[in-house]
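Trainee: I would like to go through this protein with you and learn how each label is earned. Could we take the terms one by one and set the values against the rules?

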Amino acid sequence: MKKLVFALCASAVLLVTLATTAEAAPDYEGRKKCGSCHRSQLESWEKTAHAKAMDSLAPKAKAAAKTKARLDPNKDYRQDVDCVGCHATGFDHEGGFDPKAPNKYLTGVGCESCHGAGSDYRLLHRKAGQAFEKKQQTMPRQQLVEAGQEFGFEERCNACHLNYEGSPWKGAKKPYTPFTPKVDARYHFDYARAVRNDQAMHEHFKLDKVFTGPPVPSFHEEFQSKATPGVKGRED
C-alpha cells in the first residue's frame, strides 16, 4: 500500500512539474538578441527617448520636470522599484531588468517592452526566416502569439503613460506615475500619435513577408507602405 501511495505521489509531482514547465512564461533576453537580426531597427531605436529612459532617473537629470512633479531632482531613482518598471525592459519578470544587477541590454524601453519577452518567438523568427529564404515558405503570425510575441501594443504603452491616479485607462494601479497631464500638458498620451513618432519609437523598415494572417497591427500596412529597406544583421 505504501509503495502504491508513493508511486501516486511521485506521479502527481511529475505531472505538476511538467504542467508548470509547459506553461512557463518566456524569458526576456535583451535588445542585443533582437538587434542581431534587426540591426537597422536597433540603431534607429538607440536615438530615441525610449532608449534613454533610464538616464532620466539619474541625479540632476530632467531636474525641472522632477521638481514640477514633486520629486527630488538630486535623488538617484535608478534602483527605485516604483520607477524602473517604466524605464527598463522586463522588470519583475523572468530574465528582465534587475536594478541590483543591471544588464545594459535591458536598460531603457527596449524591443521586448513592446513586443513581449522574446526567448521563444525569437527562435521562431530565425526558423521562419531560414524557411522563407530557402523555400519562400511562410509562417502564421498566430504561432508567434502562442510563443509570447505581442501585436497589440497599446495596452503596453498605456501601462506606463496612462498609469496615474484618475486616469481614463481602466488598468491604472499603484505605483502611479507622478508625470500626469495635471502636472504638465505634455504628458497627455495619444497612442495613435505616439506610435507614429519615430523619435519616440523607431523608424520602420521594409519587412520580408515571412509571416501571414492575423493578428496584424492596425498601422502595419501604413508603415510598410512608407518603409525603406533596412540593413539586416546576422544571428550570433
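Mentor: Let us begin with burial, keeping in mind that this is a predicted model. Of the 236 residues in the protein, buried residues make up 36%, where buried stands for a relative accessible area under 20%.

Trainee: How many helices and strands does the protein have, and what pattern does it follow along the sequence?

Mentor: The protein has 10 helices and two strands, and, read along the sequence, these elements follow the pattern α-α-α-α-α-α-β-α-α-α-β-α.

Trainee: What makes the pair of Cys86 and Cys160 a disulfide?

Mentor: A disulfide is a covalent bond between the sulfur atoms of two cysteines. The sulfur atoms of Cys86 and Cys160 are 2.1 Å apart, and the limit for the label is 2.5 Å, so this pair qualifies as a disulfide. A search of the whole structure finds one disulfide. The pair links distant parts of the chain, since Cys86 is in the loop between helix 4 (63-68) and helix 5 (111-115), while Cys160 is in helix 8 (residues 154-161), 74 residues apart.

Trainee: Why is this disulfide of Cys86 and Cys160 called left-handed?

Mentor: The torsion about the S-S bond of Cys86 and Cys160 is about -100°, and therefore the disulfide is left-handed.

Trainee: Are Cys86 and Cys160 buried or exposed, or something in between?

Mentor: Cys86 has a relative accessibility of 33% and Cys160 one of 24%. Partly exposed covers what lies between under 20% and over 50%, so Cys86 is partly exposed, and Cys160 is partly exposed as well.

Trainee: How do you know that Cys37 is in no disulfide?

Mentor: For Cys37, the nearest cysteine sulfur is that of Cys34, and it is 9.3 Å away, whereas a disulfide needs sulfur atoms within 2.5 Å. Cys111 is in no disulfide either, with the sulfur of Cys34 as the nearest cysteine sulfur at 4.0 Å, and that value also fails the limit of 2.5 Å.

Trainee: What makes Glu43 and Arg39 a salt bridge?

Mentor: Side chains of opposite charge can pair when their charged atoms come close. Between the side chains of Glu43 and Arg39 the N to O distance is 3.7 Å, and the rule asks for a nitrogen and an oxygen within 4 Å, so the pair counts as a salt bridge. Glu43 and Arg39 both lie in helix 3 (residues 39-45), four residues apart, which is about one turn of the helix. By this rule the count comes to nine salt bridges.

Trainee: Which residues does the network of Asp184 join through shared partners?

Mentor: The side chains of Asp184 and Lys68 meet in a salt bridge, 3.2 Å from N to O. Asp184 lies in the loop between helix 8 and helix 9 and Lys68 in helix 4, so the pair ties together parts that are 116 residues apart in sequence. Arg186 also forms a salt bridge with Asp184, with the closest N and O atoms 3.7 Å apart. Salt bridges that share partners thus join Lys68, Asp184 and Arg186 into one network.

Trainee: Why is Arg186 called exposed?

Mentor: Arg186 has a relative accessible area of 57%, and exposed means over 50%, so the label fits.

Trainee: What is notable about the phi of Arg70 and of Asp92?

Mentor: Most residues other than glycine have a negative phi, and most peptide bonds are trans. Arg70, although not a glycine, has a positive phi of about 65°, and the phi of Asp92 is near 70°. Arg70 is in the loop between helix 4 and helix 5, and Asp92 lies in the loop between helix 4 and helix 5 too. Arg70, at 80% relative accessible area, is exposed, and Asp92, at 65%, counts as exposed.

Trainee: Where are the cis peptide bonds that involve Pro175 and Pro215?

Mentor: One cis peptide bond joins Lys174 and Pro175, with omega about -5°, and Pro175 is in the loop between helix 8 and helix 9 (191-194). Another cis peptide bond joins Pro214 and Pro215, with omega about 0°, and Pro215 is in the loop between strand 2 (211-212) and helix 10 (220-226).

Conventions: Residues are numbered from 1 along each chain as its sequence is written. Side-chain values use heavy atoms; hydrogens and water are left out. Buried means under 20% relative accessible area, exposed over 50%, partly exposed in between (1.4 Å probe, protein chains only).
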